[in-house]
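I opened this notebook to record what I looked up in one protein structure. The entries run from the whole chain to single residues.

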Amino acid sequence: MYFCKMKPSPFLLLLIIALVAFPAKADDAVLVQLRQVMQNRSLYDTIKENQLAALKQQLHLNKSNLIRRYQINRQLIEGYKKYQADSAIFHAQQNQQIAEKLANTLFKDETAIQLAWLYSSGGLYIESEGLLKGINRNTLADELLPNYFETYLAFCSRYGQSNGNDIYYRKSELYRDSLLAVLDTASLKYKITAATRILYRGQPRQAETRLLALLGQTDRKNPEQALITYLLGIISKNKGDIDRQLHYFALSAVTDVINSIKDNASFQSLALTFYDMGDITQAYQFMESAINDAIFCNVRYRTVESTTYYPIINASFRTLEQEQKAKLRHFLILTSLLSIGLIIGIAYSYIQVKRLAKTRKALFETNQQLSQLNHALQEANENLFEANHIKEEYIAHFFDICSANIEKLENYRKSLHKKAVNNHYDLLLKELKSTDLAENELAELYYNFDTIFLNLYPTFVSEFNSLLLPDEAIHPKPGEQLNTELRIFALLRLGITDSVKIAGFLRYSLQTVYNYRTKIRHKTAMSREEFEAKIKQIGTLRQIS
């Protein structure tokens with residue numbers, strides 16, 4: 001996690017392909033190292049998972065020893081903190097219960113600080129601030145002061161970034177000063193924090209000198225090196241040295257991957273660097289990786305931050321994609337012309353040596369191949385025509401719905417106006433209190449959504465059930481097209497993965513949506529990532545093939 005007053009500059013296989021196909025500089029060894037660690041990313045994550053599993057086994061073996069359980073949970077919190085925030089919160093809440101049972105003030109304060117840090121990373125700023133304000137600074141143990149000030153610094157930085165309020169940025173600097181006052185001056189954290197303060201006070205040269213010294217004192221297995229190199233990348237960016245900027249952000253990404261740090265700023269910064277260099281393909285792939293990491297870790301402020309830049313890079317990537325398709329079309333035209341020339345040449349040779357059976361057979365096989373290619377091209381054109389037809393049909397359907405809604409609103413307005421003019425206030429009040437209209441409109445919205453979705457993906461229900469265990473299939477009731485559970489995953493198929501947006505659309509609480517998603521995941525033998533990936537493939541050509 002990188003805290004800074006300035007806003008940071010802004011799939012695995014695709015990223016690796018991009019690095020191989022479009023190297024930034026042949027002599028930049030760091031990009032070669034990044035490509036290598038990206039190829040082994042799953043290995044690093046497996047090592048991380050094994051370490052966490054070993055701690056969980058210890059937790060299982062110490063069911064009755066509350067103090068030992070507290071200590072193991074503390075290690076799990078630290079392990080999950082920048083890997084999977086939800087799991088870190090779970091173990092922090094377990095420690096919260098243990099602290100209450102032991103009536104241990106030190107444990108209570110420590111757990112409150114840990115939860116406040118995790119809540120602010122997940123965008124729960126009110127809950128985070130409430131926990132911090134609930135801690136008595138005057139009675140807080142000295143050993144907890146560094147974490148206390150660091151958590152307040154993180155909260156102010158993230159909250160200020162989320163609402164653009166400079167007051168919180170200034171507060172974060174004050175908490176940085178307080179943090180430096182209680183840190184061991186010989187510690188690495190103190191030196192990095194001090195260099196960060198110097199940087200944000202407008203002294204980049206002094207900050208760079210200190211950070212370069214610290215870089216020489218750390219290695220790739222030290223997570224703090226990711227922050228050191230990230231800050232050096234920021235300094236290089238401010239100086240306009242884009243080669244060094246790329247170098248340091250790539251170094252930061254290498255450290256993040258080796259240490260399985262999903263709450264990172266390096267991939268987004270690399271994406272924006274490549275974007276500035278005009279390398280849209282790598283910019284797009286790194287931004288995808290940044291968003292995937294933020295979603296995996298459930299670090300909401302990182303997700304929001306990345307999605308701010310994603311539309312810009314995505315638009316440029318789509319433009320580049322269209323240009324490449326145009327080049328491909330030109331290549332196909334040229335190939336077709338060459339093929340025609342080849343056919344003419346074959347035909348001429350056939351006329352000259354028509355008595356030779358071998359030549360006749362070769363020509364026949366060539367014609368067969370061309371026929372197959374033409375058939376495949378015809379099928380592709382038919383698929384393209386069908387896709388355009390679907391798009392036109394549903395655009396028209398959308399305008400029909402909008403027009404109908406406008407007419408309904410106008411009729412409703414006229415009805416209310418008529419009652420008001422005729423002084424039928426009791427009827428007017430009754431109608432205004434009634435929720436029938438909203439409920440009917442919601443029901444019609446669901447009906448229209450179900451109808452359109454199932455027209456686009458008619459095999460959704462059967463393919464969805466094929467992903468579940470044999471006795472866990474879900475079937476809508478008679479008269480229904482989709483039920484709530486299916487509708488949640490229909491939204492996921494359309495790319496809406498944020499539970500907050502899903503809850504708003506279905507008018508359920510966030511917890512209810514979370515419970516439904518968890519309940520369904522328990523009905524499949526696959527992991528969450530594999531299950532949701534297969535949901536997104538339902539109805540696609542890749543899935544069909």
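The entries below concern the chain as a whole, a pocket, salt bridges, a surface patch and a loop residue.

**Entry 1. The chain as a whole**

I note at the outset that this is a predicted model. I looked up the secondary structure and found 25 helices and zero strands in the protein chain. The chain has 545 residues, and 39% of them count as buried. I recorded an accessible surface of about 30500 Å² for the protein chain. Carbon and sulfur atoms account for 56% of that surface.

**Entry 2. The second largest pocket**

I next turned to the second largest pocket, which holds about 880 Å³ of space. Its lining consists of 35 residues. Those nearest the centre of the pocket are Glu78, Lys81, Lys82, Glu150 and Lys189.

Which helix gives the largest share of the lining? I found that α6 does, with five residues. Helices that each supply at least two lining residues are α4 (66-80), α6 (105-121), α8 (145-163), α9 (166-182), α10 (188-200) and α12 (224-239). By residue class, I entered 16 nonpolar, eight polar and 11 charged residues for the lining.

**Entry 3. A salt bridge at the pocket**

Two of the residues nearest the pocket centre, Glu150 and Lys189, form a salt bridge with each other, and their closest N and O atoms are 3.2 Å apart. This pair links distant parts of the chain, for Glu150 belongs to helix α8 and Lys189 to helix α10, 39 residues apart.

Are the two partners buried or partly exposed? Glu150 has a relative accessibility of 17% and so counts as buried, the cut-off being under 20%. Lys189, at 30%, is partly exposed.

I also recorded a network in which Asp177, Arg197 and Arg201 are joined by salt bridges that share partners.

**Entry 4. Further salt bridges**

How many salt bridges does the model contain? I entered a count of 15. In general terms, side chains of opposite charge can pair when their charged atoms come close.

Arg41 and Asp293 meet through their side chains in a salt bridge, with an N to O distance of 2.5 Å. This pair also joins distant parts of the chain: Arg41 is in helix α3 (residues 41-61) and Asp293 in helix α15 (residues 280-297), 252 residues apart. Arg41 is buried because its relative accessible area is 8%, under the 20% limit. Asp293, at 5% relative accessibility, counts as buried too.

Glu100 and Lys108 form another salt bridge, at 3.7 Å from N to O. Here I looked up Lys108 and found it partly exposed, at 32% relative accessibility.

**Entry 5. A nonpolar surface patch**

Which residues make the nonpolar surface patch of about 410 Å²? I found Ile333, Leu337, Ile340 and Ile344. I then located Ile333 in helix α16, which covers residues 300-352.

**Entry 6. Pro223 in a loop**

Where does Pro223 lie? I placed it in the loop between α11 (204-216) and α12. Helix α12 is among those that supply lining residues to the second largest pocket. Pro223 has a relative accessibility of 41%, so I entered it as partly exposed, between the limits of 20% and 50%. Finally, I looked up the separation of Pro223 from Val257: their C-alpha atoms are 9.8 Å apart, with the two positions 34 residues apart along the chain numbering.

Definitions and conventions: Residues numbered from 1 in each chain as written. Predicted model: local features only at pLDDT ≥ 70, side-chain atom pairs only at ≥ 80, totals over all residues. Heavy atoms only, no water. Patch = residues over 30% accessible without salt bridge, like charges linked within 9 Å, V, L, I, M, F, W, Y side chains within 5 Å. Areas by Shrake-Rupley, 256 points an atom, 1.4 Å probe, with all protein chains shown as cover. Salt bridge = Lys/Arg side-chain N within 4 Å of Asp/Glu carboxyl O. Helix = DSSP H or I, 4+ residues; strand = E, 2+ residues; numbered from the N terminus. 1 Å grid on protein atoms, 1.4 Å probe; cavity = no way out; pocket = protein on both sides within 12 Å on 5 of 7 lines; lining within 4 Å. Points joined across faces, edges and corners; volume = space filled by probe spheres on them. Nonpolar A, V, L, I, M, F, W, Y, C, P; charged D, E, K, R; others polar. Buried < 20%, exposed > 50% of the residue type's maximum accessible area, 1.4 Å probe, protein only.
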